[in-house]
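Please report on the fold, the disulfides and the loop features of the protein shown here. Keep it brief.

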Amino acid sequence: MSASSTPVDASGEPIPTSSVLMAASKHIAVRCRPENVAFLNCKKKDPNPDKCLEKGRQVTRCVLSLLKELHQKCPKEMDAYAGCMYYYTNEFDFCRKEQQAFEEACPISE
């Protein structure tokens, strides 16, 4: 992967690498909050991993759907930010310029 592109699968969907997830983390925190809270509450109530599989799938679906949306809405900015995060091993401090451009192109919203 180059430092300027988000990896995509054969269908053009962004692959959720650590740099892609880190770049989208603020969006994920806001947009997928209900799914994450439901999953964490489930895990808190029952330590049996089988009991929370569906809640985990809901979190995954939310994140993958959000990544697809972000990649369609602002691919250049997302690619630059995720590429920077990849290059600098997910160190936010080195990628503030790319982060600002990404968040301006794709504002964080529910």
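Of the 110 residues in the protein chain, 30% are buried. The model is a predicted one. The exposed surface of the chain comes to about 6,800 Å². Carbon and sulfur atoms supply 55% of that area.

The secondary structure is made of 6 helices and 0 strands. Along the sequence the pattern reads α-α-α-α-α-α. The C-alpha trace spans about 40 × 30 × 25 Å along its principal axes. Among contacts with a separation of 6 or more, 63% join residues 24 or more positions apart. The chain carries 15 positive and 15 negative charges. The mean positions of these two sets are 7 Å apart.

**Helix H6**

Which residues of helix H6 are buried? H6 covers residues 96–105, and its buried residues are Glu98, Gln99 and Phe102. These residues lie on the same side of H6, because they cover an arc of only 100 degrees around the axis. Lys97 and Glu104 are exposed on the other side of H6.

What covers the buried residues of H6? The cover includes helix H1 (18–23) and helix H2 (25–31). It also includes helix H4 (53–73) and helix H5 (75–87).

**Disulfides**

The structure holds 4 disulfides. With bonded cysteines counted along the chain, their pattern is 1-4, 2-3, 5-8, 6-7. The table gives sulfur distances for pairs including these.

| Disulfide | Distance between sulfur atoms |
|---|---|
| Cysteine 32 and cysteine 62 | 2.1 Å |
| Cysteine 42 and cysteine 52 | 2.0 Å |
| Cysteine 84 and cysteine 95 | 2.1 Å |

Take the pair of cysteine 32 and cysteine 62. Their sulfur atoms are 2.1 Å apart and form a disulfide. Cysteine 32 sits in the loop between H2 and helix H3 (33–45), and cysteine 62 sits in helix H4, so the pair ties together parts that are 30 residues apart in sequence. The torsion about the S-S bond of cysteine 32 and cysteine 62 is about -95 degrees, so this disulfide is left-handed. Cysteine 32 and cysteine 62 are both buried.

Next come cysteine 42 and cysteine 52, which form a disulfide. The pair links distant parts of the chain, 10 residues apart. Cysteine 42 belongs to helix H3, whereas cysteine 52 lies in the loop between H3 and H4. Why is the disulfide of cysteine 42 and cysteine 52 left-handed? The torsion about its S-S bond is about -95 degrees, so the disulfide is left-handed. Are cysteine 42 and cysteine 52 buried or exposed? Cysteine 42 is buried, and cysteine 52 is buried as well.

Cysteine 84 and cysteine 95 form a disulfide too. Cysteine 84 is part of helix H5 and cysteine 95 is in the loop between H5 and H6, so the pair ties together parts that are 11 residues apart in sequence. The S-S torsion of cysteine 84 and cysteine 95 is about -90 degrees, so the disulfide is left-handed. Both cysteine 84 and cysteine 95 are buried.

**The loop between H5 and H6**

Most residues other than glycine have a negative phi. Where, then, does threonine 89 lie? Threonine 89 is in the loop between H5 and H6. Its phi is near 50 degrees, a positive value in a residue other than glycine. Threonine 89 counts as exposed because its relative accessibility is 63%, and the cut-off for exposed is over 50%.

Asparagine 90 also has its place in the loop between H5 and H6. Asparagine 90 is not a glycine, yet its phi is positive, about 60 degrees.

Aspartate 93 is another residue of the loop between H5 and H6. With 59% relative accessibility, aspartate 93 counts as exposed. How far apart in space are aspartate 93 and isoleucine 28? They are 19 Å apart, C-alpha to C-alpha, and 65 residues apart in sequence.

**Arginine 57**

Arginine 57 is found in helix H4. Its relative accessibility is 41%, so arginine 57 counts as partly exposed. Arginine 57 and proline 47 are 10 residues apart along the chain. Their C-alpha atoms are separated by 17 Å.

Note on methods:
Residues are numbered from 1 along each chain as its sequence is written. This is a predicted model: local features need pLDDT of at least 70, side-chain atom pairs count only at pLDDT 80 or more; totals for chains, interfaces and linings use all residues. Side-chain values use heavy atoms; hydrogens and water are left out. Helices (H or I, at least four residues) and strands (E, at least two) are DSSP runs, numbered from the N terminus. Buried means under 20% relative accessible area, exposed over 50%, partly exposed in between (1.4 Å probe, protein chains only). Contact means heavy atoms within 4.5 Å. Accessible areas come from the Shrake-Rupley method with a 1.4 Å probe; for residues, only the protein chains shown count as cover. Lys and Arg count as positive and Asp and Glu as negative; His and the chain ends are not counted. The place of a charge is taken as NZ of Lys, CZ of Arg, CG of Asp or CD of Glu. The arc is that of the directions from the helix axis to the C-beta atoms. A disulfide is a pair of cysteine sulfur atoms within 2.5 Å.
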